[in-house]
Amino acid sequence: MLSVKKTSNTSFIKLVASIAAIFSMSAIVADKKPAMELAQLSEGFNPEQKYMASCFACHSTGAAGAPKVGDGMTVEWEPRLEKGLDAVVANAINGINTMPAKGLCFDCTDDDLRAIVEYMIDSSN
Ligand code: HEC
């Protein structure tokens, strides 16, 4: 009696474990899609519009030492770009000193921010 009970308990645990495994596998598959979408540009994304909305306030005036954006502002960006575009983009995403994380654009994906940074650098030539 006791040994029968033990066996059925073990197979019940095995059943639960395999159901849990199936669920976690489907969760991984289901998770994959939004993660891939996050790595892309947001729908209807326009780097200039986002720049004007989130970054312009500091980056047009150079408030708090923000590198200025605009004609002839290459000098502001050259020393920063010496560490590579990826590092500059990472600083925009994570923030650096008084530069707030994501430049306060909390609905921007990492790729959106990269596109804005590229826009800022391009329009400073
Ligand atoms: C509250 C003001 C403020 C806002 C808003 C802001 N920035 Fe900045 N940003 C700064 C300041 C200040 C720095 C200089 C930080 C430093 O190097 O000490 C900076 C630096 C940067 C840099 C250079 C990073 C580096 O590696 O040198 C990038 C790129 C940048 N900002 C992108 C953005 C983007 C993109 C946005 C909008 C989505 C934005 N910023 C919004 C203040 C701001």
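Of the 125 residues in this chain, 21% are buried. Keep in mind that what you're looking at is a predicted model. Its surface comes to about 8700 Å² of exposed area, with carbon and sulfur atoms supplying 63% of that.

As for the fold, there are five helices and zero strands, so to speak an α-α-α-α-α pattern when you read along the sequence. Many contacts link distant parts of the sequence: taking the contacts with a separation of 6 or more, 61% are between residues 24 or more positions apart.

**The core**

Where do the buried nonpolar residues gather? The largest nonpolar core holds 17 residues, and the ones with the most contacts inside it are Tyr-51, Trp-77, Ile-116, Val-117 and Met-120. Helix H2 (47–59), H4 and H5 are the elements that give two or more residues to this core. H5 provides the largest share, six residues. As a general point, nonpolar side chains tend to be buried together in soluble globular proteins.

Tyr-51 is a good residue to click on. Leaving out residues up to four places away in sequence, Tyr-51 touches Phe-56, His-59, Ser-60, Val-69, Ile-116, Tyr-119 and Met-120. Two of these partners, Ile-116 and Met-120, also appear in the list of residues with the most contacts inside the core.

**H4 against H5**

Next, have a look at how H4 and H5 pack. The axes of helix H4 (residues 85–94) and helix H5 (residues 110–122) come within 9 Å of each other and cross at roughly 115°. The crossing is right-handed. Here is who makes the contact:

| Helix | Residues in the contact |
|---|---|
| H4 (85–94) | Leu-85, Asp-86, Val-88, Val-89, Ala-92, Ile-93 |
| H5 (110–122) | Asp-110, Leu-113, Arg-114, Val-117, Glu-118, Ile-121 |

Sorted by class, the contact of H4 with H5 has eight nonpolar and four charged residues, and no polar ones. Val-117 of H5 turns up both in this contact and among the core residues with the most contacts.

**Asp-122**

Finally, Asp-122, which is found in helix H5. Is this residue buried or exposed? Asp-122 counts as exposed because its relative accessibility is 55%, and the cut-off for exposed is over 50%. The C-alpha atoms of Asp-122 and Val-69 are separated by 9.0 Å, although the two residues are 53 residues apart along the chain. Val-69 is also one of the residues that Tyr-51 touches.

Key:
Residues are numbered from 1 along each chain as its sequence is written. This is a predicted model: local features need pLDDT of at least 70, side-chain atom pairs count only at pLDDT 80 or more; totals for chains, interfaces and linings use all residues. Side-chain values use heavy atoms; hydrogens and water are left out. Helices (H or I, at least four residues) and strands (E, at least two) are DSSP runs, numbered from the N terminus. Buried means under 20% relative accessible area, exposed over 50%, partly exposed in between (1.4 Å probe, protein chains only). Contact means heavy atoms within 4.5 Å. Accessible areas come from the Shrake-Rupley method with a 1.4 Å probe; for residues, only the protein chains shown count as cover. Axes are lines fitted to C-alpha atoms, for helices over the stretch in contact, and angles run from 0 to 180 degrees between N-to-C directions. A crossing is left-handed if the near helix is turned anticlockwise from the far one by less than a right angle, and right-handed if clockwise. Ala, Val, Leu, Ile, Met, Phe, Trp, Tyr, Cys and Pro count as nonpolar, Asp, Glu, Lys and Arg as charged, and the others, Gly among them, as polar. A nonpolar core is a set of buried Ala, Val, Leu, Ile, Met, Phe, Trp, Tyr and Cys residues joined through side-chain atoms within 4.5 Å.
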